[in-house]
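What follows is a walk through one protein model, from its sheets to its core and then to its charged side chains. Please keep the sequence and the coordinates open while reading.

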Amino acid sequence: MANYTVGTYFVGYISYQQGVSLNGVMFPSDLQGCYDLSNFIAVNVLPCVNAGLSSQPNPTNGPSMVTFTLPETGHASIEVYDLNGRLVHSLFSAVAEAELDYRFEFDGSRLPNGIYLYRLTTDKEVLIDKFMIAR
């Protein structure tokens with residue numbers, strides 16, 4: 001897949017018979033021979049911005065720092081789950097401002113060794129990040 005930068009691109013379809021040369025063709029009017037040309041459509045490539053979620057250190061033997069950002073202001077919640085789907089702790093549940101870094105310390109020192117999940121839920125998406133407690 002090509003990496004297109006943000007902007008507007010015009011896309012069309014052209015088919016041509018054998019023997020038609022496309023060398024030096026810049027515009028449809030430059031074509032010589034028989035061809036079929038579709039209408040061009042405008043395609044807008046927009047920036048792809050999603051929420052971000054991470055935790056450091058990972059693995060941890062106790063406290064870790066959970067960080068998240070949102071691309072737009074809205075309600076967000078961060079919860080910690082074990083691998084059985086049980087809620088271990090709720091870190092945050094409120095309106096979060098766009099593009100600000102939110103940081104929360106989570107102390108998992110009382111939890112048994114294992115893999116746990118941070119779940120960030122927003123109005124538009126759910127992100128899950130795993131972390132490990134290892135002593």
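Strands β6 and β9 pair in the antiparallel sense, over six bridges. The model is a predicted one. One position to look at in this pairing is P63, which stands opposite D107 in β9.

The two strands belong to an open sheet of three strands, in the order β5-β6-β9, with antiparallel pairing. Its edge strands are β5 (52-56) and β9, each of which pairs on one side only. From one strand to the next, the twist averages 20 degrees.

A further open sheet is formed by four strands. Their order is β8-β7-β10-β11, and the pairing is antiparallel. Here β8 and β11 stand at the edges with a single partner strand each, so one side of each is left without a neighbour in the sheet. The twist in this sheet averages 15 degrees from one strand to the next. Within it, β7 and β8 pair in the antiparallel sense over eight bridges. An example of a bridge is S77, whose partner in β8 is S93.

The next topic is the nonpolar core. Which residues of the largest nonpolar core touch the most other members? The core has 20 residues, and those that touch the most other members are F68, I78, F92, F106, Y118 and L120. At least two residues of this core come from each of β6, β7, β8 (87-96), β9 (102-107), β10 and β11. F106 can serve as a viewpoint: leaving out residues up to four places away in sequence, F106 touches G62, P63, S64, V66, V80, V88, H89, L91, L111, Y118 and F131. Y118, one of these contacts, is also among the core residues that touch the most other members.

Back in the three-stranded sheet, T67 is found in strand β6. Is T67 buried or exposed? Its relative accessible area is 14%, and the limit for buried is under 20%, so T67 counts as buried. Not counting residues up to four places away in sequence, T67 touches G52, L53, S54, Y102 and R103. With R103 there is also a polar contact, in which the two side chains are joined at 3.3 Å.

R103 leads on to the charged pairs. Its side chain meets that of D101 in a salt bridge, at 3.8 Å from N to O. Both partners are exposed: D101 has a relative accessible area of 51%, and R103 has a relative accessibility of 53%.

How many salt bridges does the structure hold? There are four. Another of them joins the side chains of D82 and R86, at 2.9 Å from N to O. D82 is buried, with a relative accessible area of 12%.

A further salt bridge is formed by the side chains of E72 and K124, with an N to O distance of 2.7 Å. E72 lies in the loop between β6 (63-69) and β7 (74-82), while K124 lies in the loop between β10 (114-122) and β11 (126-133), so the pair ties together parts that are 52 residues apart in sequence. E72 is partly exposed, at a relative accessible area of 42%, and K124 counts as exposed at 64% relative accessibility.

Key:
Residues numbered from 1 in each chain as written. Predicted model: local features only at pLDDT ≥ 70, side-chain atom pairs only at ≥ 80, totals over all residues. Heavy atoms only, no water. Buried < 20%, exposed > 50% of the residue type's maximum accessible area, 1.4 Å probe, protein only. Core = buried A, V, L, I, M, F, W, Y, C linked by side-chain atoms within 4.5 Å. Contact = heavy atoms within 4.5 Å. Polar contact = N/O pair within 3.5 Å; in protein donor to acceptor, adjacent residues only side chain to side chain. Pairing = 2+ DSSP bridges. Axes fitted to C-alpha atoms, helices over the stretch in contact; angles between N-to-C directions.
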